[in-house]
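Visitor: Could you walk me through this one? I'd like to go element by element and keep it short.

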Amino acid sequence: MTWAQLCGDLCVALSACASVMFVIVTAERMRDPTLEAEQKAHALLRAWLSPEQAQQYNSQKHFDVIGSDTRTRYRIRHGRMVNIDQLDSAGNRVCVLCVVPEGNLAASDCMLAQKIALETFETKALAIANQRPA
Amino acid sequence: MATQIVMDHTGDTRHQFDPADAGAVAEAERCFKELTGAGFTAAMRLGDGKSKVLKSFDPTAEETLFIPRLQGG
């Protein structure tokens with residue numbers, strides 16, 4: 001076996017190892033958050049909700065936020081994606097928004113990130129969000 | 001004790017530090033810069049459901065939450 005063949009085989013082996021590692025890491029990141037993660041995120045969300053939002057979430061599994069720039073009302077439903085309703089002044093759904101933090105986060109973490117985004121940097125969040133008709 | 005909370009796939013990871021300890025504050029500031037430099041948004045809880053985004057490290061913040069970069073879903 002020549003050095004060239006040896007180096008070639010080594011490269012193939014390293015490439016295969018890298019591919020396996022990539023698949024393992026990707027699978028780990030794509031796995032649904034654990035129950036423990038959901039519970040931790042839920043406790044964090046609770047601590048950051050206003051009393052009114054907490055009460056609304058307890059009874060209806062959603063809570064409303066007011067946009068920091070336009071004063072528009074949004075309804076954040078329990079979920080990780082496509083869970084924000086933009087409401088009109090009568091409370092009717094105008095459209096559905098989807099903006100989520102990167103990473104495979106628990107639903108409550110996503111909801112808290114959405115709440116903070118809409119309540120503190122609404123315009124920037126809307127520019128990032130995907131919008132769907134009601 | 002002040003707390004830095006980083007949202008992640010485990011729910012969150014927390015780092016506590018003593019605001020009176022200069023070394024701990026410096027380390028907390030280094031973490032703040034590293035996370036915000038990586039695209040995280042830092043928010044401070046004001047109470048009663050209100051919060052504000054921190055553009056720079058605030059050693060007086062009792063609780064700072066780091067949110068991963070937002071993306072359209």
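Guide: A term to settle before the strands: two strands count as paired if DSSP finds at least two bridges between them. Also, this is a predicted model.

Visitor: Fine. How do strand 3 and strand 4 of chain A pair?

Guide: Strand 3 (residues 84-87) and strand 4 (residues 93-101) of chain A are antiparallel, with 4 bridges. A:L87 sits opposite A:R93 in strand 4 of chain A.

Visitor: What about the hairpin they make, how many residues lie between the strands?

Guide: There are 5 residues between strand 3 and strand 4 of chain A, and in that hairpin A:G91 has a positive phi near 90 degrees.

Visitor: Which strands pair with strand 4 of chain A besides that?

Guide: Strand 5 (residues 130-133) of chain A pairs with strand 4 of chain A in the antiparallel sense, over 4 bridges. There, A:V96 has A:R132 as its bridge partner. Strand 4 of chain A is also joined to strand 6 (residues 70-72) of chain B by 3 bridges, again antiparallel.

Visitor: And in strand 6 of chain B, what stands opposite A:P101 and A:V99?

Guide: B:L70 is opposite A:P101, and B:G72 is opposite A:V99.

Visitor: Which residues does A:V99 touch?

Guide: Leaving out residues up to four places away in sequence, A:V99 touches A:Q114, A:A117, A:A125, A:I128 and A:A129 in chain A, along with B:L70, B:G72 and B:G73 in chain B.

Visitor: Now the whole contact. How many residues from each chain?

Guide: Chain A gives 33 residues and chain B gives 21 residues. On the side of chain A that touches chain B, the elements with two or more residues are helix 2 (35-48), strand 4, helix 4 (107-120) and helix 5 (122-128) of chain A. By class, that side of chain A has 21 nonpolar, 6 polar and 6 charged residues.

Visitor: Switching to chain B. What are its elements?

Guide: Chain B has 1 helix and 6 strands. From the N terminus, the order is β-β-α-β-β-β-β.

Visitor: Why call chain B as compact as a globular protein of its length?

Guide: Its radius of gyration is 12 Å, close to the 11 Å from the globule rule for 73 residues, so chain B is as compact as a globular protein of that length. The C-alpha trace of chain B spans about 40 × 30 × 25 Å along its principal axes. In chain B, 26% of the 73 residues count as buried.

Visitor: What share of its contacts is long-range in sequence, 24 or more positions apart?

Guide: Among contacts in chain B with a separation of 6 or more, 41% are between residues 24 or more positions apart.

Visitor: And the sheet in chain B, what order do the strands take?

Guide: The sheet is open and made of 5 strands in the order 2-1-5-3-4, with mixed pairing. Strand 2 (11-17) and strand 4 (50-54) of chain B are the edge strands, each pairing on one side only. From one strand to the next, the twist averages 25 degrees.

Visitor: What packs on that sheet from chain A?

Guide: Helix 4 of chain A does, touching strand 1, strand 2, strand 3, strand 4 and strand 5 of chain B; its direction makes about 80 degrees with that of strand 4 of chain B.

Visitor: And from chain B, which helix lies across the strands?

Guide: Helix 1 (residues 22-37) of chain B lies across strand 1, strand 2, strand 3 and strand 5 of chain B, and runs at about 150 degrees to strand 2 of chain B.

Visitor: Strand 5 of chain B: mostly covered or not?

Guide: Mostly covered; of the 5 residues in strand 5 (residues 63-67) of chain B, 4 are buried. Strand 1 (residues 2-8) of chain B runs parallel to strand 5 of chain B, with 4 bridges, and B:T3 has B:E63 as its bridge partner. Strand 3 (residues 41-47) of chain B is antiparallel to strand 5 of chain B, also with 4 bridges. There, B:M44 is opposite B:T64 and B:T41 is opposite B:I67.

Visitor: Last one. In the largest nonpolar core, which residues touch the most other members?

Guide: Of its 36 residues, those are A:L45, A:V99, A:L112, A:A113, A:A117 and B:I67. Helix 4 of chain A gives the most to this core, with 7 residues.

How values were computed
Residues numbered from 1 in each chain as written. Chains lettered and ligands numbered in written order. Predicted model: local features only at pLDDT ≥ 70, side-chain atom pairs only at ≥ 80, totals over all residues. Buried ≥ 20, exposed ≤ 12 C-beta atoms within 10 Å, placed from the backbone. Contact = placed C-beta atoms within 7 Å. Nonpolar A, V, L, I, M, F, W, Y, C, P; charged D, E, K, R; others polar. Axes fitted to C-alpha atoms, helices over the stretch in contact; angles between N-to-C directions. Core = buried A, V, L, I, M, F, W, Y, C linked by C-beta atoms within 7 Å. Rg over C-alpha atoms; globule rule 2.2 N^0.38 Å.
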